[in-house]
Structures are given as C-alpha cells and as structure tokens.
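Student: Got a minute to go through this one with me? I would like to start with the helices and then move to the metal site.

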Amino acid sequence: MLPTDSALVLFSGGQDSTTCLAWALKHYARVETIGFDYGQRHAVELTVRPDVIARLRAQHPEWDAKLGEDHMIDLSLISEISQTAMTHDIAIETQANGLPNTFVPGRNLLFMTVAATVAYRRGLTVLVGGMCETDFSGYPDCRDDTMKALQVALNLGMDTRIKLETPLMWRDKRQTWELAQELGGQPLVDLIREGTHTCYLGERGALHDWGYGCGTCPACELRARGYRQFVGGAV
Ligand code: ZN
C-alpha cells in the first residue's frame with residue numbers, strides 16, 4: 001500500500017488514464033481528476049469522460065466516496081502553436097527525426113505543469129499520469145527520465161514535494177488490461193472496453209472486442225493487440 005494521501009489524475013477518457021484513475025482510487029484517500037482540451041482530433045475522448053466517471057462511481061461505492069472534483073482545462077493554444085497529426089487534419093507519418101507526427105512537442109510537460117498548478121491550489125500531493133515507455137510510440141515526453149526530471153523541476157520551481165506517479169510506465173498494453181482486472185475485475189475491464197476512447201482519429205462507429213476505434217491507427221493497433229494477448233493469456 002502507498003501512504004494514504006491525495007492525488008490528481010490526468011484523465012483523458014482513454015484506456016490508460018481510466019486504468020490510472022482506478023489505480024489511484026484504490027491507493028489514495030482523496031482523488032480528483034483533470035482533463036485537457038487541446039484541440040485534439042479525437043476530442044470524442046473528452047465527451048466519454050463524464051460517462052466513464054459515472055460508471056466508475058456506480059460500480060464502486062467506495063471509489064465514489066473518494067472521488068472529488070473534475071477539472072477541465074482549455075489548452076487550445078497547443079493546436080495554435082504546433083502542427084501535428086494529433087491536432088490537424090494531416091496524415092499520420094514518421095518525421096525526419098524518427099518520431100511520428102502524432103507527437104505533440106511539449107504536451108505532457110505542459111499537462112504535468114498545469115496539473116501541478118491545480119494540485120498546488122487544491123492541496124493534492126500526487127500527480128498520476130498514464131505515461132508509458134514499454135509499449136509506446138516513441139514519444140520522448142512519456143519516458144521515465146522525463147517524468148523524474150520534471151518532478152524535480154516542478155518541486156524546485158514551486159517549493160513543493162509533489163510526487164509524479166506513472167503506474168503504467170513499465171507495463172505493456174496486455175499488462176494494462178491485466179491491471180484493470182486486478183483493480184476492478186471484469187466490470188472494470190468491460191467499462192474500459194466499452195466506455196473509454198483511444199483511437200487517434202476519433203472513430204467511434206463499431207464496437208470491436210477490444211473497444212471502439214478505427215482499428216488501423218497506431219493507438220487502435222496497440223490497444224487491440226494488447227487486448228487479444230490479455231484475453232488469450234487469460235484462457
Ligand atoms: Zn484508431
């Protein structure tokens with residue numbers, strides 16, 4: 001068990017951040033959520049957020065009691081100052097520097113910094129994010145070292161002792177599904193499968209066995225592969 005404390009979870013409405021929210025609700029006495037509208041093409045994830053929160057509350061009365069305010073922050077300036085496939089209608093491809101053009105430079109740094117500002121005001125001492133470097137698209141701001149360096153920088157800059165927790169950092173997608181099962185059993189797995197959104201293109205037509213999405217973008221491919229490994233491994 002982690003020390004009883006309070007946490008602010010970066011919650012987008014996707015698979016990873018929903019699993020992180022469940023993880024935080026299991027470990028901390030008081031939990032709040034924060035979401036960012038940055039002009040993402042898959043803004044549908046923002047619309048599923050309230051439903052995911054409502055279903056989590058309904059499934060787990062003990063989590064309902066711990067879950068506090070949800071903070072929605074407008075960070076539309078990100079799409080104004082950057083040009084990426086995440087925020088603009090351009091094809092997903094690999095750039096000359098080897099990074100996919102879905103990488104939004106500075107995004108996670110900004111998210112964590114804004115979250116720290118909100119945590120400071122709300123008296124919350126832990127920030128929880130779904131960053132992961134095990135099974136990722138090579139985004140440098142998802143790296144463990146980036147998060148650790150940022151934790152140091154934020155605490156120096158604000159004279160605080162805020163901790164950045166990234167429970168998915170060393171888990172692949174299959175293990176993320178396994179963690180969900182560990183935390184909330186089949187009802188949580190089903191909630192994540194049906195209720196969350198991960199697809200980069202915001203596609204939400206048909207429900208696949210792994211959830212909604214186009215099935216072909218990098219985020220869908222990762223999610224689908226992880227789910228199939230999870231189901232296959234569980235048999
Ligand atoms: Zn997709």
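**Helix bends and the zinc site**

Tutor: Helix 7 bends by about 125° at Gly184, and Pro187, a proline, follows within four residues. The bend at a residue is the angle between axes fitted to the seven residues ending there and the seven starting there. Helices (H or I, at least four residues) and strands (E, at least two) are DSSP runs, numbered from the N terminus. This is a predicted model, where local features need pLDDT of at least 70 and side-chain atom pairs count only at pLDDT 80 or more, while totals for chains, interfaces and linings use all residues. Residues are numbered from 1 along each chain as its sequence is written, and side-chain values use heavy atoms, with hydrogens and water left out.

Student: How far apart are the end C-alpha atoms of helix 7?

Tutor: They are only 17 Å apart, although helix 7 (residues 173–195) has 23 residues and a straight helix would reach 33 Å at 1.5 Å a residue. The expected span is 1.5 Å times one less than the number of residues.

Student: And what caps the N-terminal end of helix 7?

Tutor: Asp172 does, with a side-chain oxygen 3.2 Å from the backbone nitrogen of Arg174. That is a polar contact, meaning a pair of N or O atoms within 3.5 Å; within protein, one must be able to donate a hydrogen and the other to accept it, and residues adjacent in sequence count only if both atoms are side-chain atoms. Asp172 is found in the loop between strand 5 (163–165) and helix 7. Asp172 is partly exposed, at 23% relative accessibility; buried means under 20% relative accessible area, exposed over 50%, and partly exposed in between (1.4 Å probe, protein chains only).

Student: What about helix 2, where is its kink centred?

Tutor: The kink is centred on Pro50 and is about 25°. Helix 2 (residues 44–59) still reaches 23 Å from its first C-alpha to its last, close to the 22 Å expected for its 16 residues. Its buried residues include Val48, Arg49 and Val52.

Student: Now the metal. Which residues are the protein donors of the zinc ion?

Tutor: Cys199, Cys214, Cys217 and Cys220, each through SG, lie 2.3 to 2.4 Å from the zinc ion. Donors are N, O and S atoms within 2.8 Å of the metal (3.2 Å for Na, K and Ca); water is not among the atoms, so sites may look incomplete.

Student: Why is the arrangement tetrahedral?

Tutor: Because the four donor atoms subtend angles of 105 to 115° around the zinc ion. Four donors count as tetrahedral if all angles lie between 85 and 135 degrees. The ideal angle for four tetrahedral donors is 109.5 degrees.

Student: How are the donor residues spaced in sequence?

Tutor: The spacing is C-x14-C-x2-C-x2-C. Cys199 lies in the loop between helix 7 and strand 6 (207–208) and Cys220 in helix 8 (residues 218–234), so this pair ties together parts that are 21 residues apart in sequence.

Student: Is Cys214 buried or partly exposed?

Tutor: Cys214 is partly exposed, with a relative accessible area of 22%. Cys199 is buried at 0%, Cys220 at 1% and Cys217 at 4%.

Student: How many disulfides does a search of the whole structure find?

Tutor: Zero. A disulfide here is a pair of cysteine sulfur atoms within 2.5 Å.

Conventions. Four donors count as tetrahedral if all angles lie between 85 and 135 degrees; four count as square planar and six as octahedral if opposite donors are over 155 degrees apart and all others between 65 and 115; anything else is irregular.
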